[in-house]
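Work through the exercises below with the sequence and model open. Try each task before reading its solution.

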Amino acid sequence: MAAPLELSCWGGGWGLPSVHSESLVVMAYAKFCGAPLKVNVIDNTWRGSRGDVPILTTEDNMVSQPAKILNFLRKQKYNADYELSAKQGADTLAYIALLEEKLLPAVLHTFWVESDNYFTVTKPWFASQIPFPLSLILPGRMSKGALNRILLTRGQPPLYHLREVEAQIYRDAKECLNLLSNRLGTSQFFFGDTPSTLDAYVFGFLAPLYKVRFPKVQLQEHLKQLSNLCRFCDDILSSYFRLSLGEGTCYLGCASLREWGLVLK
Amino acid sequence: MSLVAEAFVSQIAAAEPWPENATLYQQLKGEQILLSDNAASLAVQAFLQMCNLPIKVVCRANAEYMSPSGKVPFIHVGNQVVSELGPIVQFVKAKGHSLSDGLGEVQKAEMKAYMELVNNMLLTAELYLQWCDEATVGEITHARYGSPYPWPLNHILAYQKQWEVKRKMKAIGWGKKTLDQVLEDVDQCCQALSQRLGTQPYFFNKQPTELDALVFGHLYTILTTQLTNDELSEKIPLPDTW
């Protein structure tokens with residue numbers, strides 16, 4: 001039997017196994033390729049690091065960042081892209097680049113920078129997942145990181161004003177969503193009938209945007225109008241994540257019991 | 001540019017035909033321009049050539065500061081100034097010339113995706129090599145970037161730019177990458193482009209598009225620029241279709 005693979009990542013809510021895009025990408029890929037992954041949700045204890053989540057731990061390795069984790073899984077023979085042609089593999093890389101350049105800034109903005117959303121939804125949720133003094137610091141740091149990333153990649157030097165960039169990034173994100181919708185069409189997955197890396201990435205980026213309830217929802221509204229993308233997310237959730245949503249709650253229950261030493265690890 | 005300004009520019013652009021005296025500004029070719037800027041400039045020149053639009057290239061030491069977005073190249077057409085390939089393509093489209101009109105929706109999506117791939121991987125790798133690899137920075141970049149300016153301005157400007165680029169690399173997660181990892185990414189990108197191109201003359205059908213212009217700009221510059229190590233140019237599979 002292969003060495004146990006443990007993934008530590010942010011937990012779920014609003015019907016999702018994880019609210020954090022990168023964690024969701026890895027979880028989806030693991031489901032698609034059948035990798036036996038033990039998911040350790042970040043909880044209120046002081047165990048484990050929270051910095052570079054998601055992190056994959058094996059007996060002798062620690063791998064962070066979704067792209068590297070997926071590469072590692074492929075090397076362990078868990079490959080969801082087995083049936084893709086070389087051209088489809090190339091298209092995957094290109095579409096992932098499109099997601100990261102055009103969609104990610106707006107997703108980051110919706111979650112971490114838009115003050116209504118951040119203070120009423122994102123910050124309380126993340127703060128509730130981590131122990132006390134850290135819960136005051138870490139969400140703020142993540143928010144600054146997100147703002148930084150948006151400004152440095154899209155802002156104009158030397159002043160880097162957010163206002164100028166906001167309209168542009170939302171417009172790019174809407175265009176990206178339209179492009180994805182056109183590409184998906186009426187198929188079940190992006191390449192044929194089996195899901196692949198690109199499906200994992202698109203699911204990881206879209207599902208939190210689709211499901212989390214925000215006060216300021218312009219991008220979410222746009223996504224809801226693209227019914228094939230919504231259907232895509234719902235299909236993956238119901239086919240691949242329905243059973244483990246039960247496991248997820250079980251883990252959360254176990255985590256608190258563990259604190260009281262009632263359950264051996 | 002803000003959305004309103006862009007809409008305004010598009011309207012004005014549509015009103016006048018392409019003039020004869022359009023100019024493209026970039027940094028000084030021999031001594032100042034860097035790898036990434038040269039690639040961008042060549043991509044725009046190739047695109048305009050493909051559209052059969054006349055353009056005159058003018059080299060100025062302060063081109064970067066003249067540009068409305070801080071990036072080169074930029075074009076000066078009539079009384080408008082537009083910088084970077086993306087907005088220039090839109091601008092040219094407003095004037096009635098487009099290379100990608102004949103593509104279907106899915107193909108347009110693919111074209112945009114591949115353009116982002118080139119920007120995401122090739123351009124970032126070029127910036128990394130120029131500004132974060134100590135050997136290249138010391139021998140080539142610092143000297144070239146500040147060459148038109150007197151001391152101490154040349155050093156100050158070079159350090160400032162290096163600091164800016166390093167900040168950006170850190171924000172997108174490339175700060176901790178080693179040179180080998182960056183070259184691996186370039187390799188992956190080139191493989192993907194090579195797969196997509198296959199044996200066709202251009203990426204889409206028999207007509208060149210802005211994607212072809214962009215890829216040409218980057219590949220040609222990488223293959224013909226002398227750097228401290230040649231590993232970047234070795235990653236490009238030998239061109240049999242270029």
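**Exercise 1: the two domains of chain B**

In chain B, 22 residues of domain 1 are in contact (heavy atoms within 4.5 Å) with 29 residues of domain 2. This is a predicted model: local features need pLDDT of at least 70, side-chain atom pairs count only at pLDDT 80 or more, and totals for chains, interfaces and linings use all residues. Residues are numbered from 1 along each chain as its sequence is written, chains are lettered from A and ligands numbered from 1 in the order in which they are written, and side-chain values use heavy atoms, with hydrogens and water left out.

Task: locate the domains of chain B and describe the area buried between them.

Solution.
- Step 1. Set the bounds, which come from an automatic or database domain assignment. Domain 1 of chain B spans 3–95, and domain 2 of chain B spans 105–235.
- Step 2. Take the C-alpha centres. Those of domain 1 and domain 2 of chain B lie 19 Å apart.
- Step 3. Take the buried area (the accessible area, 1.4 Å probe, that two parts lose on being put together, summed over both). The two domains of chain B bury about 2000 Å² between them, with 67% of it on carbon and sulfur atoms.
- Step 4. Find the leading contributors. L34(B), L35(B) and M50(B) supply 31% of the area that domain 1 of chain B buries against domain 2 of chain B, more than any other three residues.

**Exercise 2: polar links and helices**

Task: find the salt bridge between the domains of chain B, then say which helix gives the most residues to the domain 1 side.

Solution.
- Step 1. Apply the rule: a side-chain nitrogen of Lys or Arg within 4 Å of a carboxyl oxygen of Asp or Glu. The count between the two domains of chain B is one.
- Step 2. Look at E64(B) and K161(B). They form a salt bridge, and their closest N and O atoms are 2.9 Å apart.
- Step 3. Assign the elements. Helices (H or I, at least four residues) and strands (E, at least two) are DSSP runs, numbered from the N terminus. On the side of domain 1 of chain B that touches domain 2 of chain B, α2 (35–50), α3 (63–66) and α4 (85–94) each supply at least two residues.
- Step 4. Rank them. α2(B) gives the most to that side, with nine residues.

**Exercise 3: S36(B) and Q80(B)**

Task: are S36(B) and Q80(B) buried or exposed, and which residues does S36(B) contact?

Solution.
- Step 1. Place each residue. S36(B) lies in helix α2 of chain B. Q80(B) is in strand β4 (residues 80–83) of chain B.
- Step 2. Use the cut-offs: buried is under 20% relative accessible area, exposed over 50%, partly exposed in between (1.4 Å probe, protein chains only). S36(B) is at 5%, so it counts as buried. Q80(B) is at 8%, so it is buried.
- Step 3. List contacts of S36(B), leaving aside neighbours within four places in sequence. They are L123(B), E126(B), L127(B) and Q130(B).

**Exercise 4: chain A against chain B**

Task: describe the interface of chain A and chain B.

Solution.
- Step 1. Count residues. 27 residues of chain A are in contact with 24 residues of chain B.
- Step 2. Take the area. The chains bury about 2600 Å² between them, 58% of it on carbon and sulfur atoms.
- Step 3. Count salt bridges. There are three between chain A and chain B. K112(B) and E175(A) meet in a salt bridge at 3.4 Å, N to O.
- Step 4. Name the elements. α3 (86–113), α5 (132–154) and α6 (162–184) of chain A give two or more residues to the side that touches chain B. α3(A) gives the most, with twelve residues.
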